Amino acid sequence: MKKSVLIAAVLACFVAGTTVAQLPPDAVQLDKVKISEKIKPAQFDPVTGKVADESLPTYTHEGVTYGQSDEGSKAKFDANPGKYHANAEQVRWELNFIHSMSAIWCPVTDEISPGGNTLWEMLDLTWESCCQFCNDTKTDEDFPAALKRLEKRAADAYKLQGVHYVEGASSPVQGAIDLGGPPPMPIADAEPEFIPAWLEGQTLAATWTGGIGKITENRCMECHRPGGAAPMALMTHGAMRKWSKNMKTHIELGTMPPWPASTSTQYLNGKNLTQNEKDIFVEWIEAGYPPGDGEFKMEKEWGDWAIGTPDHIIQLDEYVLGENVADFVREFEVATDFDSDKWVVAAEAKPTDTFLTMEINGGPLGTYHTGNSTVALPEGHGYLIKKGEAVKVRIYYTKEAGWEEFDSETKFGLKFADGAGLTPVMIDRMANDDFTIPAGSDSTTASSSFTFESDGSIISVNPVVRQRGKSVKITAALPDGSEEVLVDIPRFDMNWHFNYTLVEPLEAPKGTVVTMTATYDNSDMNAANPDSSVDVKAGVGGELLEGWLSYTLDNVKSASNRFDLNDEELMAATGTCEKCQAVFDKENATAD
């Protein structure tokens, strides 16, 4: 169960333990990590591959002095000196790799620790927790599994030494550490940074009131607020100072705020800091967190809802998951009972229990996936809910059999807008429910697609996979033969599912094919994998491949766009004026 709730570990990354590791500032930069020669030949047993026992005598072969980890090592070496001497350099390097990396590696989450947290001594190695969650939930089982993964990475890193490097890696360590650590470095030919509207024309200062407060409000408070997904609120200067441990490291690495997508595509709702924001933040930290002059006043309304006070709240009826139910998908039909058409421009889904509910897909009512619960449509767009329309809501529950669970407080908060001039947005589930990931496979690929049957535009995509998801890419193949990357996530983390909203909708002519491709890791190298010994099928209780696509179609734009009608003609044509509605009601009454 622990591996399925690691979002708490990621969100609690600023929490410090009682014992701290003193690491150089760049120790967690994968492209700067150096494998030091902590274990020299005389401290190494080439027969067992272990650290030598200092109480036992050393011996020399071809000018190299070796140690012994047990009394029988020298006799075994003498029986086959060529074998053990030839392999000694590689085995010792790999052992040094393990000792160097374990000290900055969290065995629970299988990722680089930001430094300064609790240290554990296990399996003759020093390990470092990445957060308070791991301090509280680690088990002895985590360490042997983590050691196996480091041993595999050590072998990979040795092979990469000065000969073969993976693309984009500037050190053998970065090449070997493929499943943990920070996101990949920005692509060299990426477009210029996207500057969000709230940041345009702003001159930021390295003080709380002069810039840090504004950055935090717009980048962090959706989660870091009372009632938010994060375990602590970061809404005041004092709170930021309290939780400042490791903040600089996370900002420089890009692990906070979380945004796993490649920088080659830009998004309206991106959480990743611009370089200027990073520089200001680091300057503020290095200056000692100065408060600045005056008082910082927030521009947004922060309460129980990240979208602000909703115009309308819908709550689902209580649903009971029976004692024998495990993973389960339930579809609800939710009556809206609106007395007129409604245009939704922002929505938020709030599950009763985030450990019980893995995902909610409520269409125009909003969505919830681990790490994200809000949807805000770009200007000029909205979800149209017709008067009296019932909306289908799909909820994926995840629990263990053996007891009942109650979903009693799942809610949807909606923000409305006047529909004049808005283009309706539609949502489709682009999924593959028929594939199998073989036991032990570290790279199984599956895909799904959606084809535009008429001209339209792509607004956003939301890729969803589970624990074995390794990487995800969604592309749009246009009829002219060109291809656009909608989102590329080279290292997928199931704790962060985002709805990636394009800065500008992408025109998708008839025949455009949107394809989602996911790669899965069902091996022991995947720390989130609950069981690498079984084949895993797609579907409930197994893996997922879902791409939730939000788009518009040109042929369902408003009547005023299609026929160039004025307001009065449009009201008459659509039956929205009082007189037209009265006639319509009378005719229906007569027909009955």
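1. Start with Lys74: its relative accessibility is 33%, so Lys74 counts as partly exposed (buried is under 20% relative accessible area, exposed over 50%, partly exposed in between, with a 1.4 Å probe and protein chains only). Its partner Asp78 is partly exposed too, at 44%. The two form a salt bridge, with the closest N and O atoms 2.8 Å apart (that is, a side-chain nitrogen of Lys or Arg within 4 Å of a carboxyl oxygen of Asp or Glu). Both sit in helix α2, residues 73-79, four residues apart, or about one turn of the helix (helices are DSSP runs of H or I, at least four residues, and strands are runs of E, at least two, numbered from the N terminus).

2. Before you go further: this is a predicted model, where local features need pLDDT of at least 70 and side-chain atom pairs count only at pLDDT 80 or more, while totals for chains, interfaces and linings use all residues. Residues are numbered from 1 along each chain as its sequence is written, and side-chain values use heavy atoms, with hydrogens and water left out.

3. Now have a look at Lys214 and Glu299, a salt bridge with its closest N and O atoms 2.8 Å apart. This pair links distant parts of the chain: Lys214 is in helix α7 (residues 208-219), and Glu299 is in the loop between α10 (275-286) and β9 (312-315), 85 residues apart. Is Lys214 buried or exposed? Lys214 is buried, at 13% relative accessible area, whereas Glu299 is exposed at 60%.

4. Glu222 and Lys271 pair up as well, with the closest N and O atoms 3.2 Å apart. Here again distant parts of the chain are linked, 49 residues apart: Glu222 comes from the loop between α7 and α8 (237-242), Lys271 from the loop between α9 (247-253) and α10. Glu222 is partly exposed at 24%, and Lys271 is buried at 13%.

5. There is also a network to check: Glu359, Arg394, Arg429, Asp433 and Glu546 are joined through salt bridges that share partners. How many salt bridges does the rule give? The count is 17.

6. For the whole chain, the secondary structure comes to 13 helices and 30 strands. Of its 592 residues, 49% count as buried. Among contacts (heavy atoms within 4.5 Å) between residues at least 6 apart in sequence, 76% join residues at least 24 apart. The chain exposes about 28100 Å², with carbon and sulfur atoms supplying 48% of it (Shrake-Rupley method, 1.4 Å probe).
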